[in-house]
Amino acid sequence: MLILTWILIVFAAGAALGLLLLLFSLVRVFQNAPTLNSKQFQPGQLPSKVETLKKTELTVVVPAYNEATNIKVCLSSILTSDPPCNNWRVLLVDDGSTDETVQVASDVASVLKLEEGRFTIFNAGPRPLAQRWVGKNWACSRAMELVSSTWVLFVDADVELHPATLKRALNQAIEEEADLLSLVPRINCSCSAEWMVQPIMACLLAVGFPIKAANDPAESTAFAAGPFMLFRRSTYEEIGGHRALADVVIEDLALARGVKGGGFRLRYLLGLDALQLRMYDNFPALWEGWSKNWFLGLDSSIVKAIGASALVFWMFTGPWLVLFLIIVSLLWIPFYGAQLVAFTFSVIGVLLQFILRLWTRQKFEVPLTNWWLMSAGGILIGLLGPTSVWRTLTGRDWTWKGRSLA
C-alpha cells in the first residue's frame with residue numbers, strides 16, 4: 001500500500017507542476033499580447049488613412065453548410081454593423097445545405113430591408129468529383145469568383161460580431177499594412193460538453209501557438225483563427241487562397257503559414273470584445289470537430305497526438321482522481337503521512353485548475369461556470385488523441401458535419 005501511495009504522490013505532484021507551468025506559460029505568452037484597437041480613425045488626425053478607408057472596398061464572405069440555427073444571429077450582426085467603408089457587401093455562400101439555412105438568411109435580409117447590392121446569397125454548386133474538397137474550401141473558392149474588392153473577410157456562420165468590429169478591423173489592417181488580420185474570438189460555451197473541453201483547448205492553443213511569436217516577422221510561428229480572417233485580396237490570390245488548399249482540413253493554419261512564409265504581414269490579435277464564437281451545440285458535434293483536427297494540429301505525429309492527450313488527462317483529471325482514491329482509502333486504512341502528502345498535492349492541483357479558470361476569466365472572459373468540469377474534460381481529451389489518430393489515418397468516421405474528410 002505504501003508503494004501505491006508514493007505512486008499517487010508522484011502522480012499528483014506531477015499534475016500540479018504541469019498546471020503551474022501551464023499557468024506561467026499563459027501569463028508569459030499573453031503579457032502585452034497585441035489586441036484589436038478600440039479606436040477608430042478620426043477626421044483631422046490621420047487624414048491619409050481616412051481617405052484610404054473611404055476609397056477601399058470590402059466583401060464579407062460567410063460560407064455556410066446546414067447553419068440554420070446560427071445563421072440568423074451571424075448575418076444580423078454583420079448586416080447591422082457600422083459601415084466599415086463606403087463600398088462594402090456581404091456574400092453568403094451556401095455549400096449545399098439540406099436544412100433551412102438559405103430560407104433563414106433570406107428572411108433576415110427581408111426584415112432588415114437592405115439597400116440593393118448589400119447582400120447576396122450564392123449557391124456554391126456541387127463539388128467536383130475529380131478533386132477532393134474538404135471543409136469550407138470549396139465554398140470559399142467559389143465565393144472568390146464573385147469578389148473583386150480590395151479586401152475580403154471570411155467569417156464563420158457561428159460567429160457574432162460587435163457593431164464596430166468590421167470598421168475596427170479594417171482600420172487596423174490598413175493602418176498596420178497587414179496582408180492578413182485574424183482575430184481571437186471570445187468563446188461561448190452552450191452545453192456541458194463545451195464546459196468540459198473548451199476552456200482547456202483555449203489554453204492549449206494559446207501555449208501551442210504563441211500570439212506574440214505569430215505577429216513577429218522574425219519568427220516562423222504562424223497562426224490564424226478561421227472564424228475571422230481579413231485578407232488583402234491581392235495577397236490572398238498570390239498565395240493561392242482556398243483553391244490551393246482543396247484537400248487541407250486545417251485551412252486557416254495553412255493560409256497563415258502561406259502569408260507569413262511568403263514574406264507578407266500577418267496580424268493575429270485578441271478580439272475578445274469584438275466577436276464571440278459558439279462552436280458546438282452538443283457532445284457529438286464537439287467530438288466530431290476536435291477529433292478531425294487534433295492529430296493534424298500536432299503535426300500528424302502519433303507520439304505528439306497521444307502524448308499530448310495523455311498529458312492533459314494527467315494534469316486535469318489526475319488531481320481529482322488521486323483525491324478520490326485517497327478519500328476512498330480512508331474507509332478501511334488508517335490515515336498516515338504519505339497519504340497526507342498525496343492528498344495535499346492533489347488539492348494543490350485542484351486549486352491550480354481553479355486559478356487557471358480565474359485567469360481565463362480575466363483574459364478571455366470565460367466565466368467560472370462549471371469550472372470543475374475540466375476534470376471530466378481531461379478524460380475526454382485523453383480519449384480524443386487516440387480517436388483522432390485512428391479516424392485520420394483510417395478515414396473511418398473522419399467527418400465534418402457528416403461529410404467525409406477521407
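The exercises below work through a predicted model, each with a solution that goes step by step.

Residues are numbered from 1 along each chain as its sequence is written. In this predicted model, local features need pLDDT of at least 70 and side-chain atom pairs count only at pLDDT 80 or more, while totals for chains, interfaces and linings use all residues, and side-chain values use heavy atoms, with hydrogens and water left out.

**Exercise 1. Work out the strand order of the open sheet of 3 strands, and explain which strands stand at its edges.**

Solution. Start with the terms: helices (H or I, at least four residues) and strands (E, at least two) are DSSP runs numbered from the N terminus, and two strands pair if DSSP finds at least two bridges between them. The order is S5-S10-S7, and the pairing is mixed. Next, strand S5 (159-161) and strand S7 (186-187) each have a single partner strand, so one side of each is left without a neighbour in the sheet, and these two are the edges. Finally, look at one pairing in detail: S5 runs antiparallel to strand S10 (residues 275-277), with 3 bridges between them, and leucine 161 has leucine 275 of S10 as its bridge partner.

**Exercise 2. Describe the surroundings of aspartate 95, and decide whether this residue is buried or exposed.**

Solution. First locate aspartate 95, which sits in the loop between strand S2 (87-94) and helix H4 (101-112). Its relative accessible area is 4%, so aspartate 95 is buried; here buried means under 20% relative accessible area, exposed over 50%, and partly exposed in between (1.4 Å probe, protein chains only). Then list contacts, meaning heavy atoms within 4.5 Å: leaving out residues up to four places away in sequence, aspartate 95 touches several residues, including Tyr65, Trp138, Arg127 and Arg403. Arginine 127 also forms a salt bridge with aspartate 95, the closest N and O atoms being 2.5 Å apart, where a salt bridge is a side-chain nitrogen of Lys or Arg within 4 Å of a carboxyl oxygen of Asp or Glu. Arginine 127 lies in the loop between strand S3 (119-123) and helix H5 (137-144), and aspartate 95 in the loop between S2 and H4, so the pair ties together parts that are 32 residues apart in sequence. As a last step, Asp95, Arg127 and Arg403 are found to be linked in a network of salt bridges.

**Exercise 3. Find which parts of the chain the salt bridge between glutamate 67 and lysine 401 links.**

Solution. The structure holds 14 salt bridges, and in one of them the side chains of glutamate 67 and lysine 401 meet at 2.1 Å, N to O. Glutamate 67 belongs to the loop between strand S1 (57-64) and helix H3 (71-79), whereas lysine 401 belongs to the loop between strand S11 (399-400) and strand S12 (403-404), so that distant parts of the chain, 334 residues apart, are linked. Turning to accessibility, glutamate 67 counts as buried at 9%, while lysine 401 counts as partly exposed at 28%.

**Exercise 4. Identify the members of the largest nonpolar core that touch the most other members.**

Solution. A nonpolar core is a set of buried Ala, Val, Leu, Ile, Met, Phe, Trp, Tyr and Cys residues joined through side-chain atoms within 4.5 Å. The largest one has 53 residues, of which Leu26, Phe30, Ile211, Phe316 and Phe364 touch the most other members. Among the elements that each supply at least two residues are helix H1 (2-29), helix H7 (192-208) and helix H14 (337-364), and H7 gives the largest share, 7 residues.
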